[in-house]
Amino acid sequence: MDLYEIREERLGTISEEAEHQEISRESTTMEPYHVVSDKGGRTARDVSTFQRFSVDTNESLRFEPCEDMSPSPTGAEDGDDEDEVFRDGGKESETIRNRLQEKVAEMESFAGHLEEIFLTVEENFGRQEQHLEQHYNDVLQTLSQRYDERAAGLEEEKKGKLESLYGQLLACGRAMDASKELIETAQEIYRCQDKRLFLKTVMPTIKRIEEFAKEEIDLTLNTHLEFNTPLVDLSDVKTMMDSINIVPAPSAPVINPQMPNSATQTSLRVCWSLFSDDTVEYYELYYRPVLEDTPADSTCAAHESKVKVKETHCTVTDLLPNAQYELWVTATNTTGISPASEKALYMTVPCPPVIKQRECTSCPEAALIRWESGNTNPVDSYTVELSEMGTDGTQSTVTESVVAVPTCQCLVQLQPGRRYLISVRAVNIGGPSNRSQVITVSTTGTYFHLVEDTAHPCLSISEDGFTMFYGDEELPISAMALDDNTFARCVAVLGDLVPVRGKHYWEVEVDDETEFRIGVAFEDTERNSYLGANNTSWCMRHILTPTRHKYEFLHNGWSPDLRITVNPVRIGVALDYDRGTLSFFNVDVEQHLHTFQCNLRSYVHPCFSLDNPGALTVHNGIEAPEYAFI
Amino acid sequence: MSLTQVSSNKCAGGFQKVFEHESTELKCKMKFAVHLPPKAETGKCPVMYWLSGLTCTEQNFITKAGSQVPAAEHGIIIVAPDTSPRGCNIEGEDESWDFGTGAGFYVNATEDPWKTNYRMYSYVTEELPKLINANFPTDPDRMSISGHSMGGHGALICALKNPGKYKAVSAFAPICNPVQCPWGQKAFSGYLGSNRSTWEAYDATVLAAAYSGPQLDILIDQGRDDQFLSASQLLPDNLIAVCSEKKIPVVFRLQPGYDHSYFFIYSFMADHIKHHAKYLNA
């Protein structure tokens, strides 16, 4: 701990690099740490922060004594040789010893860790030294070059000046020679005895003297004595010198593509890396949603958000589910900011789907699970997970997954007489969503719900969805708003039977006085006709005549003539696709009533109708009695 | 109790056989037909007794009813006895087709000269089952009964008089209320005497009204164009009315266009075998 704090100051600038290495090491050496963590009873998260070695994370190396650790299960075997006498205290000492062992293991790992840090520091120091040396060499070289340049310049200037002075000197000499010759000439004339000659020659000489006197000889130095020394610009050298103490601005980090399982519904864990020579104080991660409905060059692109982090990873939160995000990152140190990394596309996982309980249907061999996406934009696929429930109510782990389901429904093959827990996940490129709520499917019998959309307006259905009522009161015409799927004439409703060509059985509970029709019908059976009156439905009909209870088994408007002495109030309906039969039973007396031979060209659905006010209850998920499929 | 095989023919994977034996109950040689399904070669099978109608022998059913294939499928042995004692040299036994030979009515006669031989009720409910169970791979606890016309009456009374003995019962065009119809009145007065109260012991409708015992499930098929239905010999409505009142489960199917013949029986035999199989194989 202390060691770290002492070093921290110095480590500041290189710590990021150390961490960078740390991360890459993490992936390869995670396993031994896990072992340690298990022994120490630490959570995995603690371990990972423990490993993480970065600036401003003093806490990460907190070495907590694990007071509440449970004794290691492995410790128990070591204490066998103890004497009888020590048995009592044995347990306690064992506990202490275990704890000590754990602590030793922990400290060993800590020491190992420190050693690694030491190596890293040493390595970084060496590198820094090299770096400095190179910098100094650069500066010296620059200075000597500058010196040479300046010296050469001065030499040049000196030469120019001397040449100019020499020229002036020569001109001066020539003027002196000229005046000397003039003086000599004048003196010679003056000494001349011959007046006539004197007079003859004096005038031109006087003119020349006058002319000469007129000539002004420039005796000033036309060359500055001072050397022109311009101000030496050493700013670049200064920068160089300064840059020895600071580090260069980092280069653009490299953002990683999205890793599996790194996304949640509202967060993304983003990782990137830096070039190993770079020193980075912090990163800035920018992200913005990629809106599919706006063109790529649109100016009204979504507002970008920014997070500042010290690590080379970041978990961005508060995102939209099932959305694509564009992310990029810059690195900054005291010197400056790096260019932005490439833009990476990450995707948050979808919201979990919502299972439509009322639209799930099953039979002993299979279950049809239907769900809502739960997401406004499309997902890639769905995964249906099922686990079998043990007889003791324990849940086994996921025993089967159906993956890459493209639509919001899935027919899952099951084993009869079991209980399954089924859930769904939505999947996109970012990964699978959380699990949807779990639906329990029991494969004891056939289970279905009524399709309320098909129900005649006069038919009301109980909250549990299995009892239907046909009330006395007349409905206003306005309430009779019918759509194509609604039974318009017959007060009927269809059930939603699982599309499996096997054996199905369900029961219907009726009142002795209720007039009803129960049976099966094709999904597209005429909504404007009575059940059994057409060739798309088969049904048992109960009619109350003034004298007796009459039962008909209707298909295409025809029924066999038959009498039943005991009025069935609980009717078993057995549908067998293989044999093409639909049988009816009086469940209470196990009596077979009638069997239709049906041409079941496509899937049929249970159908129910009430021909006079009354109620009818469907019983589902019942194991078919043996006699139902003889 | 020795059996003499009269014939044996491979049929529906098993064998259709006819045996003859000396009946102690009827004091004459009696023939009966037995169909053994393939399953009888390896294990015990339930038995369905078939009682034929007026004028029939054991032959009519086995040659015309088409019972063997469905019975083989469900692993049921079918035993079809003759309809009356034969060759007993009773005066007047061959005088009419609806009384005497071929018309035993499945009663135990109490009147002379019939009371010695005409004990068909005991024969089909006691002697024959014992004989069958002793000689064939049967499960004695699983037996059922069916019949046609007079045999339908026989099947119904056997079931109603012996609660629990027969696991299932069914009938084709049975004489449901013999006390009320000419056939029954003729036979009962001949075999049982003029005291009508003794007749009621063999009347399905009367017996049903007094039935108490395990749940029965009765399947009855009746041709709508049966001349004996319109002649009020069969009177199924009387039985249905009583069963409705007594909550005895009956499914009565009036089959349009069918008459009283074996063509009618043949048409619905499979349904009846299935009805019996449901209870015999439960």
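Chain B of this predicted model contains 10 helices and nine strands, where helices (H or I, at least four residues) and strands (E, at least two) are DSSP runs numbered from the N terminus. Local features need pLDDT of at least 70 and side-chain atom pairs count only at pLDDT 80 or more, whereas totals for chains, interfaces and linings use all residues. Residues are numbered from 1 along each chain as its sequence is written, chains are lettered from A in the order in which they are written, and side-chain values use heavy atoms, without hydrogens and water.

The radius of gyration of chain B, taken over C-alpha atoms, is 17 Å, which agrees with the value near 19 Å for a compact globule of 282 residues; the globule rule is 2.2 Å times the number of residues to the power 0.38.

| Property of chain B | Value |
|---|---|
| Box filled by C-alpha atoms, along the principal axes | roughly 50 × 40 × 35 Å |
| Buried residues (under 20% relative accessible area, 1.4 Å probe, protein chains only) | 61% of 282 residues |
| Contacts (heavy atoms within 4.5 Å) joining residues at least 24 apart, among those between residues at least 6 apart in sequence | 73% |

A nonpolar core is a set of buried Ala, Val, Leu, Ile, Met, Phe, Trp, Tyr and Cys residues joined through side-chain atoms within 4.5 Å. In the largest such core, of 95 residues, B:Phe32, B:Trp50 and B:Tyr191 touch the most other members. Helix H10 of chain B (residues 262-280) supplies the largest share of this core, eight residues. Another core, of 41 residues, lies apart from it and includes A:Ala455, A:Val573, A:Phe584 and A:Leu600.

Note on methods: Buried means under 20% relative accessible area, exposed over 50%, partly exposed in between (1.4 Å probe, protein chains only).
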